[in-house]
Amino acid sequence: MACTWESLVEECNACTRCALCETRTNVVVGRGCPHAPILFVGEGPGRQEDEQGLPFVGQAGGLLDLACEGLGFATDDYYIANVVKCRPPENRTPFEEECTACLGFLRAQFSLIKPRIVVCLGNVPLHYLIDKNARITQARGQWVQRKGVWFTATYHPAALLRDESKKLDFWKDLRAVREKLQDIQNGGV
Ligand code: URA
């Protein structure tokens, strides 16, 4: 697997490991600071992301950026990636074989970024990165530490567009992420 950003992007762009390569416009690798302490992981690109080749640039991404800005995260604090790097047709949930085919790329991003905190946005990253049997409604806001990295989960920002009542918990979870980052930077955890 790729060991530099250049080779990773090259491998992603040439990838034919699953059928999503047949319908993509662009591979969506990620955006943000390449050595950020926080890695947000979403599900997979939507239409706008596929068109622009960048994650979370649509309405859901606007909400994520707004929350990060409102809570005082610096743009250098985070990197955003997805479990799958190519858009599933009609924005369906990616199939298990698509996720497993793509996870090596996320692992490579993990090795390059070396985040201290990983935030799973919704059920798909929660299942692949924390607990395959968990449900986001129960698991959100909880923390687990593995090999010195803190993992947590919150709602996918698209869920807030469907159900505004989730916004408060989303903000609460991201506030806890900011506090965890401050603890880490102060040498606390
Ligand atoms: N939803 C995701 O999970 N990822 C994106 O990049 C955009 C929307």
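The legends below describe close-up views of a predicted model of one protein chain.

**View 1. The whole chain, with its helices and strands in order.** The predicted chain contains eight helices and six strands, and these elements succeed one another along the sequence as α-β-β-α-α-β-α-β-α-α-β-β-α-α. Along the principal axes, the C-alpha atoms occupy a box of roughly 45 × 35 × 30 Å. The radius of gyration of the chain is 15 Å, which agrees with the value near 16 Å that a compact globule of 189 residues would have. Of the contacts between residues at least 6 apart in sequence, 71% link residues that are at least 24 apart.

**View 2. Surface and charges of the chain.** Half of the chain is hidden from solvent by the criterion used here, in that buried residues account for 50% of the 189 residues. The accessible surface amounts to about 9400 Å², and carbon and sulfur atoms contribute 48% of that area. The chain carries 22 positive and 23 negative charges, and the mean positions of these two sets lie 5 Å apart.

**View 3. The cysteines C15, C99 and C102.** The structure holds zero disulfides, and C15 accordingly takes part in none, the nearest cysteine sulfur being that of C102 at 6.3 Å. A disulfide is a covalent bond between the sulfur atoms of two cysteines. For C99, the closest cysteine sulfur is also found in C102, at 8.0 Å, which is too far for a bond. C15 is buried, with a relative accessible area of 14%, and C99 is likewise buried, with a relative accessible area of 0%.

**View 4. The surroundings of V29.** V29 lies in the loop that runs between α1 (5–13) and β1 (31–32), and this loop residue is buried because its relative accessible area of 9% falls under 20%. When residues up to four places away in sequence are set aside, V29 touches V9, C12, Y79, A81, K85 and Q109. As a reference distance across the model, the C-alpha atom of V29 is separated by 19 Å from that of L126, a residue 97 places away along the chain.

**View 5. The backbone at F56.** Although F56 is not a glycine, its phi is positive, at about 50 degrees. The residue belongs to the loop between α2 (47–52) and α3 (59–70), and within that loop F56 counts as buried, with a relative accessibility of 6%.

**View 6. N91 and T93 in the loop between β3 and α4.** N91 is placed in the loop between β3 (78–82) and α4 (96–113), and T93 is placed in the loop between β3 and α4 as well. The phi of N91 is near 60 degrees, a positive value in a residue other than glycine, and N91 counts as partly exposed at 44% relative accessibility. T93 is also partly exposed, with a relative accessible area of 48%. Apart from its neighbours within four places in sequence, T93 is in contact with E43 and V124. The C-alpha atoms of T93 and P125, which are 32 residues apart along the chain, are separated by 11 Å.

Conventions
Residues numbered from 1 in each chain as written. Predicted model: local features only at pLDDT ≥ 70, side-chain atom pairs only at ≥ 80, totals over all residues. Heavy atoms only, no water. Helix = DSSP H or I, 4+ residues; strand = E, 2+ residues; numbered from the N terminus. Rg over C-alpha atoms; globule rule 2.2 N^0.38 Å. Buried < 20%, exposed > 50% of the residue type's maximum accessible area, 1.4 Å probe, protein only. Contact = heavy atoms within 4.5 Å. Areas by Shrake-Rupley, 256 points an atom, 1.4 Å probe, with all protein chains shown as cover. Lys, Arg positive; Asp, Glu negative; His and termini not counted. Charge placed at Lys NZ, Arg CZ, Asp CG, Glu CD. Disulfide = S-S within 2.5 Å.
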